Amino acid sequence: MKLTGVELRHVRMPLVAPFRTSFGTSTSRDVLLLRAVTAEAEGWGECVAMADPLYSSEYIGAATDVLTRFLVPALGAVEHLDANAVGPALSGYKGHRMAKAALELAILDAELRAAGRPLARELGAVRDRVPCGVSVGIMGSIGELLDAVAGYVAAGYVRIKLKIEPGWDVEPVRAVRERFGDGLLLQVDANTAYALADARHLSRLDPFDLLLIEQPLDEDDLLGHAALARLIRTPICLDESITSARTAVAAITLGACEIVNIKAGRVGGYLEARRIHDACMAHGVPVWCGGMLETGIGRAANVALAALPGFTLPGDTSASDRFYRTDLTAPFVLADGHLAVPTGPGLGVEPLPDVSPRSPPKLPGYRS
Ligand SMILES: O=C(O)CCC(=O)N[C@@H](C(=O)O)c1ccccc1
């Protein structure tokens, strides 16, 4: 294939409710969509970077700039382009994994649409539907939290993830356990909000039989997580720390984690995500598919990824209505706690016709 054009679309998606994490509260999700045009087919990608560099160093303004000035021109120069050629063609540019992942997905989608092959089969999926967890933000009160969890349990979600931070951790977990019992699959996500000195406090979560505690310490603190793992019983899962198959193996080898959250955007794309899956399987480490409030475009790719054999824990692959009243694609709808894996060529979904770029947010480095 030859890349003949790329369109970047900034879309602002209002959230159905404010979503609070240890790094802030969001009421909307800025989304950077990418459309790749080739003679054979068009393909779609979604950059999971947020509007501000709060989850990671990436943010939409930087992704827009690096795609426009460096990454798209680099791919435009490749005569025989396919998804496997994207990583090598962009390897000279450091970082910007979320920007690279969006571009690689669009090329992969175009390649697979042209060949009539579904993404799930290309990646090695072994299931036609995936069990779905849901991420629950930090709330204003325990009562509000219990009402939210009750709604998700009633909707059929098979696993609940609670965002935690110092001051909102043991009590919310205790309340959910007491209300919903020991049978509920329950985990927590700290988004780097703690320090190793909090080990004794975090060990107070041990009696609640959590599946895992996600990323309690800083992204680059593998040794700290390894030390923490010796001080608490709850299994440690890493998210922000895992940026490649190499860092996944390093984290596992150091004893920094027993479980890995795979987010294709964070690691540079779905092909690297598969390599991390394969490496974790080789080490007997279970993985699950993380979420970044993707629209149906990224959600379709995540559901395909979550159907691989090593994804043995429910992921943050929620239905579209978890975050959005109206999705950019036909909505993903929960059925018996699962989402069906798309079966069409490529992503198997595409933006609904009326998805037009709304007035783009005035982001530094934005080019129309
Ligand atoms: O279900 C989803 O898409 C959201 C899952 C979720 O909680 N994502 C968290 C995370 O740290 O994993 C997040 C939220 C906002 C922005 C970035 C990441």
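Here are some friendly notes on the ligand site and the enclosed spaces of this structure, which is a predicted model.

1. **Where the ligand sits.** A good place to begin is the ligand itself. The space it takes is the largest pocket of the model. The protein covers nearly the whole molecule, as point 4 sets out.

2. **Who surrounds the ligand.** The shell holds 16 residues. If you want to look at the closest ones, turn to Ser135, Lys163, Asn191, Lys263 and Leu293. By class, the shell is made up of seven nonpolar, six charged and three polar residues.

3. **Polar atoms beside ligand oxygens.** Two lysines are worth finding on your screen. Lys163 places a polar side-chain atom 3.0 Å from an oxygen atom of the ligand, and Lys161 has a polar side-chain atom 3.5 Å from a ligand oxygen. With Met292, the backbone is involved: one of its N or O atoms lies 3.4 Å from an oxygen atom of the ligand.

4. **How covered the ligand is.** On its own, the ligand has 440 Å² of accessible area, and the protein covers 98% of that.

5. **Enclosed spaces.** Apart from the pocket, you may like to check the cavities. How many of 30 Å³ or more turn up in a search of the whole structure? There are two. The largest cavity contains about 80 Å³ of space, while the second largest has a volume of about 40 Å³.

6. **Walls of the largest cavity.** Its lining consists of 14 residues. Glu46, Val48, Ala264, Gly265 and Tyr270 are the ones nearest the centre of the largest cavity. Three elements each give two or more residues to this lining: α3 (97-115), α10 (264-267) and α12 (296-305). Which of the elements gives the largest share? That is α3, with three residues. Sorted by class, the lining of the largest cavity has seven nonpolar, four polar and three charged residues.

7. **Walls of the second largest cavity.** Here the lining can be listed in full: Arg127, Val130, Pro131, Ala306, Phe311, Leu313, Pro314, Gly315 and Thr317. Six of these residues are nonpolar, two are polar and one is charged.

8. **To take back to the viewer.** For the ligand, start with Lys163 and its polar side-chain atom 3.0 Å from a ligand oxygen. For the largest cavity, start with α3, which gives three residues to the lining. For the second largest cavity, Arg127 and Phe311 are among the lining residues.

Technical notes. Residues numbered from 1 in each chain as written. Predicted model: local features only at pLDDT ≥ 70, side-chain atom pairs only at ≥ 80, totals over all residues. Heavy atoms only, no water. Near = heavy atom within 4 Å. Polar contact = N/O pair within 3.5 Å; in protein donor to acceptor, adjacent residues only side chain to side chain. Areas by Shrake-Rupley, 256 points an atom, 1.4 Å probe, with all protein chains shown as cover. 1 Å grid on protein atoms, 1.4 Å probe; cavity = no way out; pocket = protein on both sides within 12 Å on 5 of 7 lines; lining within 4 Å. Sits in = over half its atoms within 2 Å of the grid points. Nonpolar A, V, L, I, M, F, W, Y, C, P; charged D, E, K, R; others polar. Points joined across faces, edges and corners; volume = space filled by probe spheres on them. Helix = DSSP H or I, 4+ residues; strand = E, 2+ residues; numbered from the N terminus.
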